[in-house]
Amino acid sequence: MDLLTRLQELETLSRTLDPSRAEREQVLNAASRYANDFVDGINDLPVYVGNAGTGEGLYDLPIAESPRPMASLLATLRSEIDTPGINPASGGHLGYIPGGGIPHSAVADYLAAITNRYAGVFFASPGAVRLENLLIRWMADVVGFPETTAGNLTSGGSIANLIGIVTARDARGVTAREIPRSVVYATTHAHHSVDKALRIAGLKECPLRHVPMDAHYRMDATALDALIAADRAAGLRPWLVIASAGTTDVGAIDPLDAIAEIAARHELWFHCDGAYGGFFALVPELRARLRGMARADSLIMDPHKGLFLPYGSGAVLVKDKPAMLDAHHYMAHYMQDTADAREEASPADLSPELTKHFRGLRLWLPLQLLGVAPFRAALEEKVLLARHFHHAIQQIPGFEVGPVPDLSVVTFRYVPPRGDADAFNQRLVQAIHRDGRVFLSSSLIGGRFTVRLAVLAFRTHLEHIDTALTVLQDAVAHLQES
Ligand SMILES: *Cc1c(COP(=O)(O)O)cnc(C)c1O
């Protein structure tokens, strides 16, 4: 066979990758029907399904040379993926930190995928990069960072923490030789992605001081000051303090203003983790509590938490743009044509990624289509729902609660008249999971097994909180009998 004949053959085969308009519409319509059925039926689905297998049916569809029909693939998607486990799109998801999934972002993802704009480099797609930087500046404005802030839209909070910490490391000159005497400060309630980031950044051997917390599980700023002073007196080099604007465990806001003041006085880099809590700055009532975020050197926030986006959206803001560039910028010969465009910083120069998804569109489109007002309202609603639950659960005999929530996480446990309370609450959480009407999770807080209710799903409204109260009452009654 000659080359041209073979080329014709290959073209015919490879053309299926580029379907006709009618074919595209067919696939899209099937997907759209699936999505609409899913959303319309969401309140009839359990929030947690523990008895529908673990996706083993996927083995029946090995990747093969030949095509399979869309209908059978959607059926598999439903039974093997969208049924077992937690349904994070449900309003009854009240565990961990619930995620979002607003449909407008899905539409934006679709468009970003079809046009496949190269959003890593300004030269390649100036509009896409400008849009992402514009969103960074909008977020900077929300939290009180200056106009000159640099930042990056990441896949989530973990990578955002990594970028912030790597920037801090290089800005403070924490080289290998300095590591053993370069001290980091955080509480035990700092998110574990911070520890992970420190390790990935090669900083595992930095002494890490766990700063004590007060009765509300907020960092004790006086203790921080004393620890730093003691370390300095001992000839060590304190360089980084990591505080939380909303801890994952209990939703506590560390005293950010006091921490900022101490960090400035001792010349530490102040990294603030607002993955969960940062966007609550949109709520007027909470702005004062979160004001100290503005004084951090670097800050992270997760649009896939606080702005209800689908998973895959975090953000990091850094005040010192040259420092962020220094820590991430590289140049390759094959990219020499891209070097001149300096009007807007490129994501590739501010993060570990080169090629990246055009993440900005999934944030920009809903903010534009809906305006900020519904996001602000939803966040305030979540805070008030958490307060409502905190109050209501105390009216049920036997329950004891943690502090009034700073944000939208409530901790509580049932104290049984006899027997081991930890074991009882463990069984309580298992009973809630079996019930499936709502999903709650637990944590070990102050060494005690504690149940958590976290309100952040955009579909969570008063009815879901009332269901949670009913489920808890039913479960306790049931466990008391058995
Ligand atoms: C969720 C969370 C993270 C990690 O973010 P991912 O988006 O899950 O990677 C970090 N810090 C806090 C406080 C969080 O709640």
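**Reading a predicted chain**

User: What share of the contacts in the chain between residues at least 6 apart in sequence join residues at least 24 apart?

Analyst: Happy to help! The share is 74%. A contact here needs heavy atoms within 4.5 Å. Please keep in mind that this is a predicted model.

User: Thanks! How many helices and strands does the chain have?

Analyst: Its secondary structure comes to 16 helices and 13 strands.

User: Why is the chain called as compact as a globular protein of that length?

Analyst: Its radius of gyration is 25 Å, and the globule rule gives 23 Å for 482 residues. Those values are close, so the chain counts as compact in that sense. As for its extent, the C-alpha atoms fill a box of roughly 80 × 60 × 40 Å along the principal axes.

User: How much of the chain counts as buried, and what makes up its accessible surface?

Analyst: Of the 482 residues, 49% count as buried. The accessible surface comes to about 23000 Å², and 55% of that belongs to carbon and sulfur atoms.

User: How far apart are the mean positions of the positive and negative charges?

Analyst: They are 3 Å apart, with 44 positive and 54 negative charges in the chain.

User: Now for the rings. Why is the aromatic pair of Y48 and F439 called tilted?

Analyst: The angle between their planes is 45°. Under 30 degrees would count as stacked and over 60 as edge-to-face, so an angle between those limits is tilted. The ring centres are 5.6 Å apart, and the cut-off for a pair is 6.5 Å.

User: What makes this pair a tie between parts of the chain?

Analyst: Y48 lies in strand β1, while F439 sits in the loop between α15 and β12, so the pair ties together parts that are 391 residues apart in sequence.

User: Are Y48 and F439 buried or exposed?

Analyst: Y48 has a relative accessible area of 26%, so Y48 is partly exposed. F439 has 2%, so F439 counts as buried. The limit for buried is under 20%.

User: And why is the pair of Y276 and F280 called edge-to-face?

Analyst: Their planes are 75° apart, with 5.7 Å centre to centre. Edge-to-face requires an angle over 60 degrees, so the name fits. Y276 is buried at 2% relative accessibility, and F280 is buried at 0%.

User: How many aromatic pairs are there, and which residues do ring pairs link into a cluster?

Analyst: The whole structure has 10 aromatic pairs. Ring pairs join F389, F399, F412, Y414 and F424 into a cluster.

Terms used: Residues numbered from 1 in each chain as written. Predicted model: local features only at pLDDT ≥ 70, side-chain atom pairs only at ≥ 80, totals over all residues. Heavy atoms only, no water. Helix = DSSP H or I, 4+ residues; strand = E, 2+ residues; numbered from the N terminus. Rg over C-alpha atoms; globule rule 2.2 N^0.38 Å. Buried < 20%, exposed > 50% of the residue type's maximum accessible area, 1.4 Å probe, protein only. Areas by Shrake-Rupley, 256 points an atom, 1.4 Å probe, with all protein chains shown as cover. Lys, Arg positive; Asp, Glu negative; His and termini not counted. Charge placed at Lys NZ, Arg CZ, Asp CG, Glu CD. Phe/Tyr/Trp six-rings, centres within 6.5 Å; stacked < 30°, edge-to-face > 60°.
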